[in-house]
Number of protein chains: 2
Amino acid sequence: MNIRFYNARILEPSEGHSFQVITGELWVKKNEIIYIGDGLDTERVFEKEPAGMILWDREIDAEKNLLLPGFKNAHTHTAMTFLRSYADDLPLQDWLTKQVFPKEALLTADDIYWLSILGIMEYLTSGITSNFDMYFFPETIAKASIDCGFRTMQVSSFNDFTSSIEEMEEIYHKVNEMSDLTGYVPGFHAEYTTSKEHLKQVAALSEKLHAPVYFHNSETALEVEQCKERYGMTPTRLMEELGMFQYGGGGYHCVYFEDEDFEIFRKRNLTAVTNPASNLKLASGIAPIDRFIKEEINLAIGTDGPASNNCLDMFREMFLTTGLAKVREKDAACVGAEEVLYMATTGGAAAMGLNECDSLAEGKKADLIMLDLKQPNMQPENNLVRNIVYSGSKQNVKLTMVNGQILYEDNTFQIGFEPEEIYRKANEIIGRMK
Amino acid sequence: MNIRFYNARILEPSEGHSFQVITGELWVKKNEIIYIGDGLDTERVFEKEPAGMILWDREIDAEKNLLLPGFKNAHTHTAMTFLRSYADDLPLQDWLTKQVFPKEALLTADDIYWLSILGIMEYLTSGITSNFDMYFFPETIAKASIDCGFRTMQVSSFNDFTSSIEEMEEIYHKVNEMSDLTGYVPGFHAEYTTSKEHLKQVAALSEKLHAPVYFHNSETALEVEQCKERYGMTPTRLMEELGMFQYGGGGYHCVYFEDEDFEIFRKRNLTAVTNPASNLKLASGIAPIDRFIKEEINLAIGTDGPASNNCLDMFREMFLTTGLAKVREKDAACVGAEEVLYMATTGGAAAMGLNECDSLAEGKKADLIMLDLKQPNMQPENNLVRNIVYSGSKQNVKLTMVNGQILYEDNTFQIGFEPEEIYRKANEIIGRMK
């Protein structure tokens, strides 16, 4: 599709982690942004176009609403939608061992397909254009994403109880070859579920593939304490010693960090993916976001899975990222709105290897959203970025485009599935397990 | 208007602070709920109706969506909409003294009228059907609310720098006589802005009017510390000693409470109104919600004003109320979803003197909302209450009814004003001040 947005406000990257808003047009040809500007300097586009002009499939009057890069959900377990609100308000260990694990053991690949699509639908309502997923049946997850036209990066959930390193390597190649919309990197669940021997295998595979590694890292105080008992060092230090970070990567959660952990993350250019809603709901703690910023470590934001959140909403996560930092540091001035919006877009894209989709600029892929500013929570327009981060809501998402395709517009999904069918499937799956 | 909802799911009060969901019909005659049931036992309604039947202005197929009582926003400064995103990310004192106070001094009654309507519009998008407001020009605030058909209780913002106790009494009578939609109770801004002499005047007025008193109480650690320096006791104890609580009332924020404060709140049957988003954004702290519940003290939830939040969204506040309690107590099992929904509806209504609007039951006033369950964040339907509290969003609000009138439906306002006009006014007001 070739789509011309006009009469738009457009959020462009500016210096450092800041943004600027221009008024004008944004043109999408197939899956690429080919023009951003005031509409008066379009010759440079036509110079490149053989026929000298473009046939528009649609011309959309943005009515002064705001175009911005889609949000990147940098850590999630999408297909856990089936357990949303199933067993909340339980102590963490009971929740995991008595509810989550037994139910997960019953999941089929077909279940994962439908449950992933349910999650993708929710992403679209929240302006999320790609996710970084860790769950079972990665090829099925990739197929669900491709079938919807959505963009999904995946990371292995390797641990002592599932799969093998050979399987990880095989899936790495398969998923990376499936489509431009999907990708896969090595990883493992966490230090406490993965033996040293297995960890060494992951490090070796990363070395072989020249690929980054991601895992749940220092999510709870107990996890760090037990790792220190086992190995005399933090999870981050352990992985560094095992050579896990030769090709970058990062950690999910990163709540309990020590000085040396920050140092390793900075030195290895790793990303800390924060999951603030999950960290509240599971009573894990509050991550040291302000310190990560001061250490100039890349940050990204994830929802975690819908069973531990329970929603998939980047607006909630953005508010929490700054709000929790402020109360943690007792400093209302720390972690400003632009930093947070940067994490939710460019920072996330960097973590996920999606630099081609990280901002609105000519040559970038068209992963973008339009926010309805003519809603009371976006008025007055004292500061658009702060309005988004502190006041934004799913209700403001007017349009979500992934890879040049409009997948959600005016509360309607264009993903090739009827919502009612997806809801019925999800209810059937959990119904069958009860 | 007489409105029949059919094919609905209806959230009814159950034992204690819990709820149950029935499927059936809900009938509204003028401003009252006259029937809730399966539609087969309606004779008892017709027995009461002189003509034996009701002429419906509308019959609404709820399509199995959920009717529930509207949310009560139990502490706010609505007209601060003009300062939304104006000066965030500043230390609290700078924000207050350099930005908020100088701008507030420029507000006219006419400004307050338009800025209040902007806030009311946002309340409607979030399923909020009444607010407990503290701000300048109370008669104007009441007029804005009445003109929209919205329900607003107000509390005096009395302090050493504005108004007099005589004026508070005069306004009390005026606003309480204006309309069934509006009410007013005595109050004062906070201990640190109100001299002992003035506090005694408020206590005497409460005694004279047999009316409860509300104020900002123990919002920050510094506030409590300074009160103890001044009087050798906490703000709660000071007010108790001054006889402030003879007719009930309560406090806004209530973050820093000591054993004796809980005891006074319980003994006097006071309400603690929590404002979690504001407490994060201004780095104030996390309120001891779990303790309040264990002490059986009534709890309510408020957004605080839009300059310190920055949005007016009960879904965000509900998630924060439970999420922050869980991380504070290091207990994922504390402060369950039903407790939180109770606070946001019945608990808030109790605080605001709105027991007639606190739940869906025959004879209650029709302050209710319909949530769209056919959205991905509400699926599967493992538990409707948990879905609302942990996963709900403004996007789910399909209809908001106040006092029997539909004021918001399918993203359209029915308040007698064009949204664009209200947005233009709000931008003009802050533009004039720059």
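Is B:Lys281 buried or exposed, and at what relative accessibility? B:Lys281 counts as buried, at 3% relative accessibility. The close-ups below come from a predicted model.

**View 1. A salt bridge joins B:Asp88 and B:Lys281.** The two side chains meet at 2.6 Å, N to O. The pair links distant parts of the chain, 193 residues apart. B:Asp88 sits in the loop between strand E6 (71–76) and helix H2 (92–104) of chain B. B:Lys281 belongs to helix H10 (residues 276–281) of chain B. B:Asp88 is buried, with a relative accessible area of 4%. B:Lys281 is buried as well, at 3%.

**View 2. B:Asp410 pairs with B:Lys398 in a salt bridge.** Their closest N and O atoms are 3.0 Å apart. B:Asp410 lies in the loop between strand E17 (405–409) and strand E18 (412–413) of chain B, and B:Lys398 lies in strand E16 (residues 397–402) of chain B, so the pair ties together parts twelve residues apart in sequence. B:Asp410 is partly exposed, at 43% relative accessibility. B:Lys398 is also partly exposed, with a relative accessible area of 22%.

**View 3. Salt bridges of chain A include the pair A:Lys364 and A:Asp358.** The closest N and O atoms of this pair are 2.9 Å apart. A:Lys364 is partly exposed, with a relative accessible area of 21%. A:Asp358 is buried, at 9%. Elsewhere, A:Asp259, A:Arg266, A:Arg291 and A:Glu295 are linked in a network of salt bridges. Over all chains the count comes to 68 salt bridges.

**View 4. B:Asp313 is a buried acidic residue without a salt bridge.** The nearest side chain of opposite charge belongs to B:Lys394, 4.6 Å away. That distance exceeds the cut-off, because a salt bridge needs the nitrogen and the oxygen within 4 Å. B:Asp313 is found in the loop between strand E14 (298–301) and helix H12 (314–329) of chain B. Its side chain reaches the backbone nitrogen of B:Phe315 at 2.9 Å. Beyond its neighbours within four places in sequence, B:Asp313 is in contact with B:Ser126, B:Thr303 and B:Lys394.

**View 5. The largest cavity is lined by residues that include A:Asp313 and B:Asp313.** About 150 Å³ of space lies in this cavity. The lining has 14 residues. Nearest the centre of the cavity are A:Asp313, A:Arg316, B:Asp313, B:Arg316 and B:Gly392. Helix H12 (314–329) of chain A and H12 of chain B each supply at least two residues of the lining. The count of cavities of 30 Å³ or more comes to five.

**View 6. Helix H14 (residues 384–391) of chain B is largely enclosed by the rest of the structure, because eight of its eight residues are buried.** The buried residues are B:Leu384, B:Val385, B:Arg386, B:Asn387, B:Ile388, B:Val389, B:Tyr390 and B:Ser391. The list includes B:Arg386 and B:Asn387 alongside B:Leu384 and B:Ile388. B:Asn383 caps the N-terminal end of H14(B). A side-chain oxygen of B:Asn383 lies 3.1 Å from the backbone nitrogen of B:Val385.

**View 7. Two cis peptide bonds are shown, one in chain A and one in chain B.** Most peptide bonds are trans. In chain A, a cis bond joins A:Gln379 and A:Pro380, with omega about -10°. A:Pro380 is found in the loop between strand E15 (368–371) and helix H14 (384–391) of chain A. In chain B, a cis bond joins B:Asn309 and B:Asn310, with omega about 0°. B:Asn310 is placed in the loop between E14 and H12 of chain B. B:Asp313 of View 4 also lies in the loop between E14 and H12.

**View 8. A:Val335 and B:His253 have a positive phi.** Most residues other than glycine have a negative phi. A:Val335 has a phi of about 50°. A:Val335 is found in the loop between H12 and helix H13 (337–351) of chain A. A:Val335 is buried, with a relative accessible area of 5%. For B:His253, phi is near 85°. B:His253 has its place in strand E12 (residues 249–253) of chain B. B:His253 counts as buried, at 1% relative accessibility.

Technical notes. Residues numbered from 1 in each chain as written. Chains lettered and ligands numbered in written order. Predicted model: local features only at pLDDT ≥ 70, side-chain atom pairs only at ≥ 80, totals over all residues. Heavy atoms only, no water. Buried < 20%, exposed > 50% of the residue type's maximum accessible area, 1.4 Å probe, protein only. Lys, Arg positive; Asp, Glu negative; His and termini not counted. Polar contact = N/O pair within 3.5 Å; in protein donor to acceptor, adjacent residues only side chain to side chain. Contact = heavy atoms within 4.5 Å. 1 Å grid on protein atoms, 1.4 Å probe; cavity = no way out; pocket = protein on both sides within 12 Å on 5 of 7 lines; lining within 4 Å. Points joined across faces, edges and corners; volume = space filled by probe spheres on them.
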